Amino acid sequence: MSEIEKELALQEKILLGIKKTHEKVVEFKKQKGTPLVVMRGSEIVKIKPWEK
């Protein structure tokens with residue numbers, strides 16, 4: 001496996017980990033009934049996880 005292939009495989013694993021973490025955080029916030037606090041541009045906003 002070349003260095004580029006190793007790098008791509010690592011990137012895929014990292015992205016999968018980020019996706020799973022995002023799903024778990026949203027589910028946790030839904031269970032607790034608390035908003036997600038995120039940054040959009042230069043503003044901090046609260047998002048209700050039970051709404052899309």
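At 43% relative accessibility, Lys-6 counts as partly exposed, and this residue offers a convenient way into the model, which is a predicted one. Lys-6 forms a salt bridge with Glu-3, and the closest N and O atoms of the pair are 3.9 Å apart. That separation falls inside the cut-off, which asks for a side-chain nitrogen of Lys or Arg within 4 Å of a carboxyl oxygen of Asp or Glu, and by this rule the count comes to 1 salt bridge. Glu-3 is itself exposed, with a relative accessible area of 60%. Both residues belong to helix α1 (residues 3-32), where, being 3 residues apart, they are separated by about one helical turn. An α-helix has 3.6 residues a turn, so residues three or four places apart point the same way.

**The helix**

Helix α1 has 30 residues and reaches 43 Å from its first C-alpha to its last, a span close to the 44 Å expected at 1.5 Å a residue. Further along α1 lies Ile-18, which is exposed at a relative accessible area of 51%, and the same helix also holds Phe-28, a residue that is partly exposed with a relative accessible area of 44%. The C-alpha atoms of Ile-18 and Phe-28, which are 10 residues apart along the chain, are separated by 15 Å. Phe-28 can also be related to a residue later in the chain, since Pro-49 stands 21 residues away in sequence and 9.3 Å away in space, taken from C-alpha to C-alpha. After α1 comes Gly-33, whose phi is positive, near 75 degrees.

The accessibilities of the four helix residues discussed here are set side by side below.

| Residue | Relative accessible area | Class |
|---|---|---|
| Glu-3 | 60% | exposed |
| Lys-6 | 43% | partly exposed |
| Ile-18 | 51% | exposed |
| Phe-28 | 44% | partly exposed |

**The hairpin**

Strand β1 (residues 36-40) is joined to β2 by 5 bridges, and the two strands run antiparallel. Within this pairing, Val-37 stands opposite Lys-46 in β2. The strands form a hairpin with 2 residues between them, and in the turn Gly-41 has a positive phi of about 70 degrees. Strand β2 covers residues 43-47, and because the number of buried residues among its 5 is 0, this strand lies largely in the open.

**The whole chain**

Taken together, the protein contains 1 helix and 2 strands, and from the N terminus on its elements run α-β-β. The C-alpha trace spans about 45 × 30 × 15 Å along its principal axes. The radius of gyration of the protein is 16 Å, whereas a compact globule of 52 residues would have one near 10 Å. Of the 52 residues, 6% count as buried, and the accessible surface comes to about 5000 Å², of which 59% belongs to carbon and sulfur atoms.

**Confidence**

The mean pLDDT of the protein is 93, and 96% of its residues reach 70 or more. Among the elements, α1 has the highest mean pLDDT, at 96, while β1 has the lowest, at 94. Where pLDDT is low, the predicted coordinates should not be read in detail.

Note on methods. Residues numbered from 1 in each chain as written. Predicted model: local features only at pLDDT ≥ 70, side-chain atom pairs only at ≥ 80, totals over all residues. Heavy atoms only, no water. Buried < 20%, exposed > 50% of the residue type's maximum accessible area, 1.4 Å probe, protein only. Helix = DSSP H or I, 4+ residues; strand = E, 2+ residues; numbered from the N terminus. Pairing = 2+ DSSP bridges. pLDDT = per-residue confidence, 0-100. Expected span 1.5 Å × (residues − 1). Rg over C-alpha atoms; globule rule 2.2 N^0.38 Å. Areas by Shrake-Rupley, 256 points an atom, 1.4 Å probe, with all protein chains shown as cover.
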